[in-house]
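Q: Hi! I'm new to this one and would love a quick walk through it. Can we have it up on screen?

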Amino acid sequence: MRILLVDDEKKITSVLKAYLQQEGFQVSTAINGIVALTMFKENPYDLLILDLMLPGMSGTEICTEIRKTSSVPIIMLTAKIEEEDRIQGLSIGADDYITKPFSPREVVARVRAVLRRANNETSLLADVITYDNGLTIDNIQHEIRLHDQEVLLTPTEFKILGALAKHPGRVYSRGQLVEIVQGHDFEGDDRVIDAHIKKIRQKIETTPSDPQIIMTVYGIGYKFNPSVGGKNA
């Protein structure tokens, strides 16, 4: 597994690189946002560890740019501790969010957890399912297509959509979806699910403000409607 570690604090990159290498990961480092984005475009990586505050280009800008073309798992590092900052990081496509200061062992554990979630296939009833609304979930290729057009989702977004689509009409609470995509040990606010749902709707719904595929069940959570078409219907 190849990891790109991006942080302008050399002590942090040195320590984390050593810990990750001890666990068998191949680690490349960058201290500048523009350099990091260039490295990502020129080399294949299995995961990014990305500081929020970087010279040249912020971690937020890098994450947003990467999400235009790739669903590679991204873990954000930041000194910001406000809940809204964390939710914002997850809403732009990050898969996990770690606040400084942190234990290097915790980062290694988070890396393994994110990679495990990204590599585990969503347990659909079939390898490829196409619904009446034109949505196809390809569990073999780990792809989403809407009316034969590929929709680029992050690993977390894929997990959420796959979980909802597995049982059309079933209502999932935010807590249930958090457990599916983040695991039992997640200690954050389950409102992060709302941010992910918003991003999915922007990608598949004809009118994201009036969703017909992923529907809100007020006071409870969300459910999947398999019969109403989305974008390009």
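Q: Thanks! Let me start with one residue: is Asp 95 buried or exposed?
A: This is a predicted model, and in it Asp 95 has a relative accessible area of 3%. That is under the 20% cut-off, so Asp 95 counts as buried.

Q: Where does Asp 95 sit along the chain?
A: Asp 95 lies in the loop that runs between α4 (83-91) and β5 (96-99).

Q: And which side chain does Asp 95 have a polar contact with?
A: The side chain of Thr 156, at 2.9 Å. Thr 156 belongs to α6 and is itself buried.

Q: Oh, tell me about α6! How many residues does α6 have?
A: Helix α6 has 12, covering residues 155-166. From first C-alpha to last, α6 reaches 16 Å, close to the 16 Å expected. Most of the helix is covered, with 11 of the 12 residues buried.

Q: New topic: how many residues are in the largest nonpolar core?
A: There are 27, and Leu 161, Leu 164 and Ile 193 are among those with the most contacts inside it. Several elements supply at least two residues each, including β8 (143-146), α7 (174-182) and α8 (192-204). The helix that gives the most is α6, with six residues.

Q: What is Ile 193 in contact with, leaving aside neighbours within four places in sequence?
A: Its partners include Ile 160, Leu 177, Val 181 and Tyr 222.

Q: Which residues are in the second core?
A: That separate core has 22 residues, among them Leu 4, Leu 52, Ile 62 and Met 76.

Methods
Residues numbered from 1 in each chain as written. Predicted model: local features only at pLDDT ≥ 70, side-chain atom pairs only at ≥ 80, totals over all residues. Heavy atoms only, no water. Helix = DSSP H or I, 4+ residues; strand = E, 2+ residues; numbered from the N terminus. Expected span 1.5 Å × (residues − 1). Buried < 20%, exposed > 50% of the residue type's maximum accessible area, 1.4 Å probe, protein only. Core = buried A, V, L, I, M, F, W, Y, C linked by side-chain atoms within 4.5 Å. Contact = heavy atoms within 4.5 Å. Polar contact = N/O pair within 3.5 Å; in protein donor to acceptor, adjacent residues only side chain to side chain.
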